Amino acid sequence: MAGHSQFKNIMVRKGKQDALRGKVFTKIIREIISAAKSGMPDPAANPRLRSAIAWAREENMPRDKIEAAIKRGSGNSEGDNFEPIRYEGYGAGGVAVIVQALTDNRNRTASEVRSIFAKSGGNMGDPGSVAFMFEYVGLIFYPTSAASEEAMLYAAIEAGADNCESDEGGHTITTSPEGFISVREALEAKFGAAASAKLSWQPKVTAVPNEEQAKQILKLIDTLEDNDDVQDVFSNVEIPEALMLKLAS
């Protein structure tokens, strides 16, 4: 029985991992389709599509799925009109949250996002209600094995990055949104593909919740990320390590 139980647990974990991967693939496919529709289906002439394909490769999406999504995006399919939209709001304890979505139905997505905020102790605000607390930047990350601190710093400066910070965890390069593509491609020419590269809302100030608020905020973020229309979630929450360990136990 113990062996059977262990096997069942493994299958349950695998099922959850497969479900999560499937949701990530759904989000990537939407971004590829939208990027291909908004510009040329040739990645060399479409920076947004290049970024979407890079994201797909980071997540080990099969090549045939990438190519199929590009074809869908360049095929003028009526059912593939995804519109980018941003929602802003507050979680428990006044934590600021930004939600970026791609949707083919604005009313449905707005209703779902508003409901998620409400059920998690927060509320959705008007456009601009929290964005002023963030800075929109490009973030590129390389592991320490990619290059020395000095080599990465010089390469980032030469490529036009705004900043490069290195520690035992790796190298984090910050760019302007406009310079993100050119900096990423210059670094990839020297060091290979980045471990991650994306445009991100970085908080200027952070909010530290208590234990109950932290539970509600984590639930809010998890539920938002689980929504198929939601591409990314950003917040200014700062949960102390000791509290995170307590919540994880």
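Here are four short exercises on this predicted model, each with a worked solution.

**Exercise 1. Find where Ser-34 sits, and work out whether Ser-34 is buried or exposed.**

Start with the element: Ser-34 belongs to helix α1, which covers residues 2-38. Next, look at the accessibility. Ser-34 has a relative accessibility of 5%, and the cut-off for buried is under 20%. So Ser-34 counts as buried. Finally, check the company it keeps: once you skip the neighbours within four places in sequence, Ser-34 touches Arg-48, Phe-82 and Leu-102.

**Exercise 2. Do the same for Gly-91, then say how far Gly-91 is from Ser-34 and from Gln-202.**

First, the location: Gly-91 is in the loop that joins β1 and β2. Now the accessibility: Gly-91 has a relative accessible area of 7%, so this glycine is buried. Setting aside neighbours within four places in sequence, the contacts of Gly-91 are Val-97, Gly-121, Gly-122 and Leu-220.

On to the distances, C-alpha to C-alpha. Ser-34 and Gly-91 are 57 residues apart in sequence, and 29 Å separates them in space. For Gly-91 and Gln-202, the gap along the chain is 111 residues, while their C-alpha atoms are 17 Å apart.

**Exercise 3. Describe the largest pocket: its volume, its central residues and what its lining is made of.**

Take the volume to begin with: the largest pocket holds about 990 Å³ of space. Its lining has 34 residues, and those closest to the centre are Trp-55, Gln-100, Lys-198, Gln-231 and Asp-232.

Then ask which elements contribute. At least two lining residues come from each of α1, α2 (47-58), β1 (83-90), β2 (96-103), α6 (180-191), β7 (196-203), α7 (211-226) and β8 (230-235). The largest share is from α2, with 6 residues.

Last, sort the lining by class: you get 17 nonpolar, 4 polar and 13 charged residues.

**Exercise 4. Now describe the second largest pocket, and name the element that gives the most to its lining.**

Volume comes up again: the second largest pocket has about 210 Å³. There are 13 lining residues here, and Ile-53, Ala-54, Arg-57, Glu-188 and Ala-193 are the closest to the centre. Two elements, α2 and α6, supply two or more residues each to this lining. The top contributor is α2, with 5 residues.

To finish, the class split for the second largest pocket is 7 nonpolar, no polar and 6 charged residues.

Terms used:
Residues are numbered from 1 along each chain as its sequence is written. This is a predicted model: local features need pLDDT of at least 70, side-chain atom pairs count only at pLDDT 80 or more; totals for chains, interfaces and linings use all residues. Side-chain values use heavy atoms; hydrogens and water are left out. Helices (H or I, at least four residues) and strands (E, at least two) are DSSP runs, numbered from the N terminus. Buried means under 20% relative accessible area, exposed over 50%, partly exposed in between (1.4 Å probe, protein chains only). Contact means heavy atoms within 4.5 Å. On a 1 Å grid over the protein atoms alone, a cavity is a set of points where a 1.4 Å probe fits but cannot get out, and a pocket is an open set with protein on both sides within 12 Å along at least five of seven lines; lining residues have an atom within 4 Å of a point. Grid points are joined across faces, edges and corners, and a volume is the space filled by probe spheres set on the points. Ala, Val, Leu, Ile, Met, Phe, Trp, Tyr, Cys and Pro count as nonpolar, Asp, Glu, Lys and Arg as charged, and the others, Gly among them, as polar.
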